[in-house]
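Work through these exercises with the model open beside you. Try each task before you read its solution.

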Amino acid sequence: QQLQTDNVYVGTQSKFNSLELEELGAWHLPIPITEKSLLEEYKGDREGILFVGRWEEGKNPELFIDLIEQTGLPAKVMTSPNGVKKFEERLEKIGAKYDVRASIIGQEKVDFIKSSRIAFNPSTVESYGMAFYEQHIQLPTLVLAEQRWTGNFNGDYFYTCTKLTMAKRAKELYDSFDTAEKWYNLGSLDHAKQQEANVFHKWNTCFNMFESKQSNSSTAK
């Protein structure tokens, strides 16, 4: 409805969306990354497959559990407080090694992501995919093929799979990217740095296109 309202301009997180809505006057206004240190290199050991998201249908957590069961690899989960018990119950049931944490932020969140070896994002519904954005900067990340939301991102820096191929692809990536340096060499970190450097410029350009209302009243000042 906003897009059909006269004299209202809408900002959207992705260039993909802004091009889709170009005729309606949508601006590409990226949300800055929450944790700036995700743009820094990591030198430590890496282990486990990372999943970020609540236990809800659109995030497809059951498929993540299936992947862990098929591969036998350790699970690392960032979720909401309500999701912790569900993830732990399901992972214990299949005898998996796991580390499940709720609502972590700051350096703990950054270290948790960076110390994972690969990520799996089987989401079928995303408004943009901020968790995916943060993951794929630092890690080889698998997504399900033919998802509309992955159009928000550069296909050079993530991998696709199907339910039938996910275990094979995950094992291949896990073995291929045993160090952070091997992933950085492909360019995802540098690409993210370039994107982040343009965030303020995009907002500023947008604001400068509009003439603000001028007033001499002390209240307005």
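Buried means under 20% relative accessible area, exposed means over 50%, and partly exposed lies in between. Keep these cut-offs at hand. The model is predicted.

**Exercise 1. An aromatic pair far apart in sequence**

Task: Classify Trp27 as buried, partly exposed or exposed. Then describe how its ring pairs with that of Phe210.

Solution:
- Step 1. Trp27 has a relative accessible area of 23%. Buried needs under 20%, and exposed needs over 50%. Trp27 is therefore partly exposed.
- Step 2. Count the aromatic pairs: there are 13. Trp27 and Phe210 form one of them, with 6.0 Å centre to centre and 55° between the planes. The pair is tilted.
- Step 3. Place both partners. Trp27 lies in strand β2 (residues 26–28), and Phe210 lies in the segment after α9 (199–208). The pair so ties together parts that are 183 residues apart in sequence.
- Step 4. Check the partner. Phe210 has 37% relative accessibility, so Phe210 is partly exposed.

**Exercise 2. Another ring pair, and a cluster**

Task: Is the pair of Phe177 and Trp183 tilted or edge-to-face? Which residues do ring pairs link into a cluster?

Solution:
- Step 1. Read the geometry of Phe177 and Trp183: 5.5 Å centre to centre, with 85° between the planes.
- Step 2. Planes over 60 degrees apart count as edge-to-face. The pair of Phe177 and Trp183 is edge-to-face.
- Step 3. Look at burial. Phe177 and Trp183 are both buried.
- Step 4. Turn to the cluster. Its members are Tyr128, Phe132, Trp149, Phe153 and Phe158, linked by ring pairs.
- Step 5. Add a ring with a charge over it. The charged end of Lys76 sits over the ring of Phe112, 4.6 Å from the ring centre.

**Exercise 3. Salt bridges**

Task: How many salt bridges does the structure hold? Which residues do shared partners join into one network?

Solution:
- Step 1. Recall the idea. Side chains of opposite charge can pair when their charged atoms come close.
- Step 2. Take the total: 12 salt bridges.
- Step 3. Start with Glu62 and Arg90, whose side chains meet at 2.8 Å, N to O. Glu62 lies in helix α2 (residues 61–71) and Arg90 in helix α3 (residues 81–93), so this pair ties together parts that are 28 residues apart in sequence. Glu62 is partly exposed, at 34% relative accessible area.
- Step 4. Move to Arg101. Its side chain meets that of Asp99 in a salt bridge of 3.0 Å, N to O. Arg101 also forms a salt bridge with Glu108, at 3.2 Å, N to O.
- Step 5. Join them up. Asp99, Arg101 and Glu108 form one network through salt bridges that share partners.
- Step 6. Check exposure. Asp99 has a relative accessible area of 27% and is partly exposed. Arg101 has 27% and is partly exposed. Glu108 has 39% and is partly exposed.

**Exercise 4. A buried threonine and two positive phi angles**

Task: Is Thr79 buried or exposed? Where does Glu146 lie?

Solution:
- Step 1. Find Thr79 in strand β4 (residues 75–79). Its relative accessible area is 7%, so Thr79 is buried.
- Step 2. List contacts beyond four places in sequence. Among them are Trp55, Phe87, Arg101 and Ser103.
- Step 3. Follow Ser103. This residue lies in the loop between β5 (98–102) and α4 (106–114). Its phi is near 50°, a positive value in a residue other than glycine.
- Step 4. Go on to Glu146, in the loop between β7 (141–144) and β8 (159–161). Glu146 is not a glycine either, yet has a positive phi of about 60°. With a relative accessible area of 83%, Glu146 is exposed.

**Exercise 5. The largest pocket**

Task: Which element gives the largest share of the lining of the largest pocket?

Solution:
- Step 1. Take the volume: about 480 Å³.
- Step 2. Count the lining: 23 residues. Val52, Arg54, Lys59, Met130 and Ala131 lie nearest the centre.
- Step 3. Name the elements that give two or more residues: β4, α4 and α5 (130–138).
- Step 4. Pick the largest share. Helix α5 gives 5 residues.

Terms used:
Residues numbered from 1 in each chain as written. Predicted model: local features only at pLDDT ≥ 70, side-chain atom pairs only at ≥ 80, totals over all residues. Heavy atoms only, no water. Helix = DSSP H or I, 4+ residues; strand = E, 2+ residues; numbered from the N terminus. Buried < 20%, exposed > 50% of the residue type's maximum accessible area, 1.4 Å probe, protein only. Contact = heavy atoms within 4.5 Å. Phe/Tyr/Trp six-rings, centres within 6.5 Å; stacked < 30°, edge-to-face > 60°. Lys NZ or Arg CZ within 6 Å of the ring centre and 35° of its normal. Salt bridge = Lys/Arg side-chain N within 4 Å of Asp/Glu carboxyl O. 1 Å grid on protein atoms, 1.4 Å probe; cavity = no way out; pocket = protein on both sides within 12 Å on 5 of 7 lines; lining within 4 Å. Points joined across faces, edges and corners; volume = space filled by probe spheres on them.
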